[in-house]
Amino acid sequence: MARILITSALPYINGIKHLGNLVGSQLPADLYARYMRARGHEVMFICATDEHGTPAELAAAKAGKPVDAYCAEMHQVQADLARGFRLSFDHFGRSSSARNHRLTQHFAGRLKAAGLIAEVAEKQVYSNADGRFLPDRYIEGTCPNCGNPRARGDQCEECTKQLDPTDLINPRSAISGSTDLEVRETRHLFLRQKAMRDQLRDWISAKSDWPVLTTSIALKWLDDGDGLQDRGITRDLDWGVPVKDGEKDWPGMEGKVFYVWFDAPIEYIAATAEWADAQGLDDAAWLRWWRKDHGAEDVRYIEFMGKDNVPFHTLSFPATLMGSGEAWKLVDYIKSFNYLNYDGGQFSTSQGRGVFMDQALSILPPDYWRWWLLSHAPESSDSEFTWENFQASVNKDLADVLGNLVSRVTKFCRAKFGEVVPEGGETGPREARLIADLTTRLKSYEGFMEAMEVRKSAAELRALWVLGNEYLQEAAPWTTIKTDPARAAAQVRLALNLIRLYAVLSRPFIPDAAEAMMAALNCTDWSWPGDVGAALTHLPAGHAFTTPEVLFAKITDEAREDWAARFSGIRA
RNA sequence: GGGCCUGUAGCUCAAUGGUCAGAGCAGGGCGCUCAUAACGCCUUGGUUGGGGGUUCGAGUCCCUCCGGGCCUACCA
């Protein structure tokens, strides 16, 4: 038995996430966590809301609420949706928690002691009307290069020229529109990543099994141009973790908070501490997951994220952990994803384009989404959601291949033998072949799941289901029963056990359907099959079952057209 | 501008430089009748974006052109 620590990139607090966000981190992380638990490993699966930063403050202001109340509310919404999609977090924390405040301040203090924090005076744009410093992209003005009147302070989207806010002609606040801006000097803390460049490169270079997508992004940042740059880790904001040197004040940093990208990954650790608190456990309970000098030496740590998150997880977060001088557990494998597009364009939170988590659950149960999203996960390149594809996959894979298999077996049994596992008869060569085929496929499925090959795992699971239909077609108990009822009984007994096998194997992908299958079979033993032949004799003759309702209703053309129309436009 | 990824059947995707480039869906044919008009078997589809090169051998490596996407450090 291994110990596996799994984290999903933290969803940002300022609204409901769309399906692209879901499939890029939380859902595949859940698949992996469920699989590893099913195999008997000890799993700690952590996620949280990422609550700090300017967008959260602005979203709260727009909602007319204090930012802490807004975040508390949105955290609850996201937690409910996570439950709705059956995301099996051991803990879903909050980056604004007391635990994260303390840990973030602790890391800052350690980094300072190690000489890895620099204090730098900077000039930044301050908006008097907004009463805040403005991040570059919250300043708009006319592009000096192409004349676009809506250029942002970091870049002009028309001519793609990189800009400095002071380059803009007639600059104004993107928040209030105010032109009452001034350049003020402010002091900030920088994480001296440059000093850790070689250490980071050595660490990344040793990860030969990481995907190109991950390492190439990291190496680019390490070596491009002047190489890895120091990163500012503080901001002039109200909402965030107050800057402190451990538990001591940090002279000159009064009124400032840590930058969201400094505190957010630390929340992975803090959320594990929150978990221990919630369980009534002491610090040793979470330290054994995170500190190599407190028992985490044998932990395997996997992070799941979208490709946009890779730099922070390969560079600044490891720099924070390494630089502390303490024996923190570093990530062993990063599984990163490309983007999911929606019907020819991008999902867009700001434009409300695409399907959002709440909308998805309002029209179909979570298994439908889980299956489609995972079997089409954007692993090798960006992938695309279309309603036609969704309808076709769900109807064919879930309703026809798996759902119908369950129907035909249980209904045939009910009609000929009653709702009880039939007795008598013996299996023969065809059954032996089925077991051999299942065993081969199962090994392959397990291999793909271990390797986090999400699409290939889904394809292999589907192939396992198909073996069931092939067997039934050849065994044809509806014919056998006319001449050899005992033989038909053995075939049906095996087929009923096949449903249980499928429930166990399918549970990481489609937990609700798996549970419905097990409930129908009146079975609670979820043990993973070590030996397929033995697993197919699990339900003994005489065991009662109930014929389940249709597992997956098909998506009609009318429904598909209706949804395609409803979700093409603008979300309020 | 720079960097990275990507282009394979009508669609969604596979193929450590090595049999005839494979699956699923869609299309065509046959079978079955237990089942959600479901299932099974057979089958039609490809000059691997274009051009050049390296190699005994290229979807795969190199150059170039064309198309799509991402990142570029103060959105997160």
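Which helix gives the most to the surface near RNA strand B? In this predicted model, that helix is α12, which contributes 10 residues to the surface near the strand. Several other elements take part as well, for α2 (54-63), β4 (117-127), α6 (212-223), α7 (260-278) and α14 (454-475), like α12 (387-417), each supply at least two residues. In total, 54 residues surround RNA strand B, and the closest are Gln124, Gln346, Ser380, Asn404 and Lys411. Of the atoms of RNA strand B that come within 4 Å of the protein, 70% belong to sugar and phosphate. When the residues of this surface are sorted by character, 20 are charged, 17 are polar and 17 are nonpolar.

Individual contacts involve both the bases and the sugar or linking oxygens of the strand. At glutamine 229, a backbone N or O atom lies 3.2 Å from a base nitrogen of RNA strand B, whereas at glutamine 473 an N or O atom of the side chain is placed 3.0 Å from a base oxygen. Arginine 455, by contrast, has a polar side-chain atom 3.5 Å from a sugar or linking oxygen of RNA strand B.

Among the elements that supply residues to this surface, α7 may be described further. Of the 19 residues of α7, 17 are buried, and the helix is therefore largely enclosed by the rest of the structure. The course of α7 is not straight, since the helix bends by about 40 degrees at tyrosine 268, and just after α7, glycine 280 adopts a positive phi of about 75 degrees.

How values were computed
Residues numbered from 1 in each chain as written. Chains lettered and ligands numbered in written order. Predicted model: local features only at pLDDT ≥ 70, side-chain atom pairs only at ≥ 80, totals over all residues. Heavy atoms only, no water. Near = heavy atom within 4 Å. Polar contact = N/O pair within 3.5 Å; in protein donor to acceptor, adjacent residues only side chain to side chain. Helix = DSSP H or I, 4+ residues; strand = E, 2+ residues; numbered from the N terminus. Nonpolar A, V, L, I, M, F, W, Y, C, P; charged D, E, K, R; others polar. Bend = angle between axes of the 7 residues up to and from the residue. Buried < 20%, exposed > 50% of the residue type's maximum accessible area, 1.4 Å probe, protein only.
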